[in-house]
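Please open the model in your viewer and keep the selection box handy. We will go from stop to stop, picking residues and looking at what surrounds them.

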Amino acid sequence: MSRRVLWIAAVVPALLLAWNGVAKIQFEEIAGPAGVQMTHTTRHFKGKSADVLRMFTSGGAAVAVGDFNNDGLDDLFVTDSDEGKHSKLYRNDGNWKFTEVGEAAGVAGGNDPLSIVADGLWFDYDNDGWQDLLVVRFGTPILYHNERNGKFKNVTAGSGFTKFGNSIAAVAFDYDRDGDLDVMLGHYFKAENLLDLKTPHVLPNDLDNAVNGGGVALWRNEGNGRFTDVTKEAGLAHHTGWTLDIGHGDFDNDGWQDFYLANDYGTDRIFFNNKNGTFRDTTEKSLGFDTKKGMNVDVADYDNDGFLDIYVTNITDEYMKECNMLWHNNGDGTFTDLSKETGTCPTLWGWAAKFGDFDNDGWQDIFVVNGLRSAGKENYIPVLVTMITTPGIDFTDVNNWPNIGNMTWSGYQRKKMFRNLGNQAFKEISAEAGVDNDLDGRGIGMADFDHDGLLDFYQTNADQKSLLYRGRTQGAGNWVQMKLIGTKSNRDAIGARVTLTAGGLTQIREVNGGNGYAGQSSLRLHFGVGRAAKLDAVEIQWPSGLTEQVNLSVNKIHYVQEGKGVVPAWGPKN
């Protein structure tokens, strides 16, 4: 028996006795009263293939959580995707009231005749202490600089982000540890403009082993407002998968950021950082069987053993029985899928999934959104199966795919929330928690929007209204939150790891730059500590290499600056 298994067997029972888990996880949906309910619209195409192309690009309902005005309250950037439609920037005014300021701030556009807004990413690319915004598109990205006065300036022309790509995902992390944030974009289709098609051969060349997707692009931050495409130099140019999501984290505890790619129609990939500006693909060695419809990547240490694990959603419906993957990190560069063993396997047509400690018991739970298209009574799947089983069919030709019309395709699916029981098992509680809506979910943005110590989250839905769930759990455990501020490290402290010990339990969290499909969560780290009234130890490992211990109290939000320890709330701003 491994040391890790022995550790779990010895420690978990004691922890379960220390925290009896009496709190009932509960949420209240309040998007309407809060002023943040919008209806996303998928792009409408023209011509014979319009119906099919619309289905294949229906993933662009995204949310990005970030504090753009430095008032200490997390705000929301929410995308729209149809031509002429405007994305929304909801400013958090406190007391569960938000004001829409997207057009006034200058960040609402992007859905021009040849581009589709698909995602958003907050990151402080120039380390000035203010969140800038990258709008990710099927097209070229848009980079907005935060002017510190509630307005943004479009600086794309001078940024280097002028290369076309069908981008659906983005993360920011400091892969070379030079102190500023780099960007990785995930491309779904190959670099062919779907709104001005020159060829109909743009869909997957194989439903399980496609190699004609868009792959990824790595953009190095030069520190002067410009980014350079270093995909080839980093050893990533050979990847041509249909990338749907990217998740990064320090998987081998060496202080350098690694990443995982969720690929549709093919094998997921995992890359480890070589510490010299390049990455190595260790997929064959590191991973087990992959069900080849990867949709989401979120990263957390779900079993509190000191290593980051990975959760990937897949498809489990009447035709595809893919099963999600909960990759348990074995600590030796390999991962074992424990989704079936832990009860986190079937979530229907899964999209975004996020870890979060919803009852503050020290064990991270999971929320998953699902559903592709809810429409009429007729089911598209039998029609699709007829096409798939036709001998000699060319899957790449968009004209060979049957139109969907008003048919439903894996729609009306109930969302899934899993409570972490702390013993390598989860319990599905979505109905009792009040989050089992049946909308066509896409993204999740998580934060404590009202500073009450309970996690809340925003859910986006394709061609449907969005939802805002307020945490209302009674009897939840104690908690602590940290906003880390880098100095020598990047200002957002993305890649920083906090190790916290309280009540006999040691937990880790890393600040991430956009993990999770179509949803960026708060940069503020959240820990539940159960009944513990004090923290025994808090250690921060900064991306610069500095290790720092700080003294923090429970039930409070702390701001910690690299090398200076705890600093006043909401500062320093400059």
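Start by selecting Thr 283, which sits in helix H5, residues 283-286. Bear in mind along the way that this is a predicted model. Is Thr 283 buried or exposed? With a relative accessible area of 6%, Thr 283 is buried, because the cut-off for that class is under 20%. Now show its surroundings: leaving aside residues up to four places away in sequence, Thr 283 touches Thr 267, Asp 268, Arg 269 and Ile 270. For a sense of scale, draw a distance from the C-alpha atom of Thr 283 to that of Asp 440; the two are separated by 31 Å, and they are 157 residues apart along the chain.

**Two positive phi values**

Next, pick Tyr 265, in the loop between strand E15 (258-264) and strand E16 (269-273). Its phi is near 60°, a positive value in a residue other than glycine. Tyr 265 is buried, at 11% relative accessible area.

Then jump to Ala 493, in the loop between E29 and strand E30 (497-502). Here too phi is positive, near 60°, and the residue is not glycine. The relative accessible area of Ala 493 is 0%, so Ala 493 counts as buried.

**Strands**

Colour residues 116-123, which make up strand E6. Eight of its eight residues are buried, so E6 is largely enclosed by the rest of the structure. Add strand E7, residues 132-139: the two strands run antiparallel and are joined by seven bridges. If you would like one pair to zoom in on, take Gly 120, whose bridge partner in E7 is Val 135.

Now bring up four strands that form an open sheet, in the order E33-E29-E36-E37, with mixed pairing. Which strands stand at the edges? They are E33 (525-530) and E37 (565-567); each has a single partner strand, so one side of each is left without a neighbour in the sheet. From one strand to the next, the twist averages 40°. Within this sheet, E29 (residues 478-485) pairs with E36 (residues 557-561) in the parallel sense over five bridges. Look for Leu 484 there, standing opposite Val 560 in E36.

**Salt bridges**

Side chains of opposite charge can pair when their charged atoms come close. The structure holds 17 salt bridges, and a few of them make good stops.

Select Asp 463 and Arg 54, whose side chains meet at 3.2 Å, N to O. Asp 463 lies in the loop between strand E27 (456-461) and strand E28 (467-471), and Arg 54 in helix H3 (residues 50-56), so the pair ties together parts that are 409 residues apart in sequence. Asp 463 is partly exposed at 33% relative accessibility, and Arg 54 is partly exposed at 24%.

Move on to Asp 359 and Arg 419, a salt bridge in which the closest N and O atoms are 2.6 Å apart. Asp 359 is in the loop between strand E22 (350-356) and strand E23 (365-370), while Arg 419 is in strand E24 (residues 416-420), 60 residues apart. Asp 359 is buried at 0%, and Arg 419 is buried at 13%.

Another salt bridge joins Glu 510 and Arg 497, at 3.0 Å from N to O. Glu 510 belongs to strand E31 (residues 505-510) and Arg 497 to strand E30. Glu 510 is buried at 12% relative accessibility, as is Arg 497 at 6%.

For the last stop, select Asp 208, Lys 293 and Glu 322 together: salt bridges link them in a network.

Definitions and conventions. Residues numbered from 1 in each chain as written. Predicted model: local features only at pLDDT ≥ 70, side-chain atom pairs only at ≥ 80, totals over all residues. Heavy atoms only, no water. Buried < 20%, exposed > 50% of the residue type's maximum accessible area, 1.4 Å probe, protein only. Pairing = 2+ DSSP bridges. Axes fitted to C-alpha atoms, helices over the stretch in contact; angles between N-to-C directions. Contact = heavy atoms within 4.5 Å. Salt bridge = Lys/Arg side-chain N within 4 Å of Asp/Glu carboxyl O.
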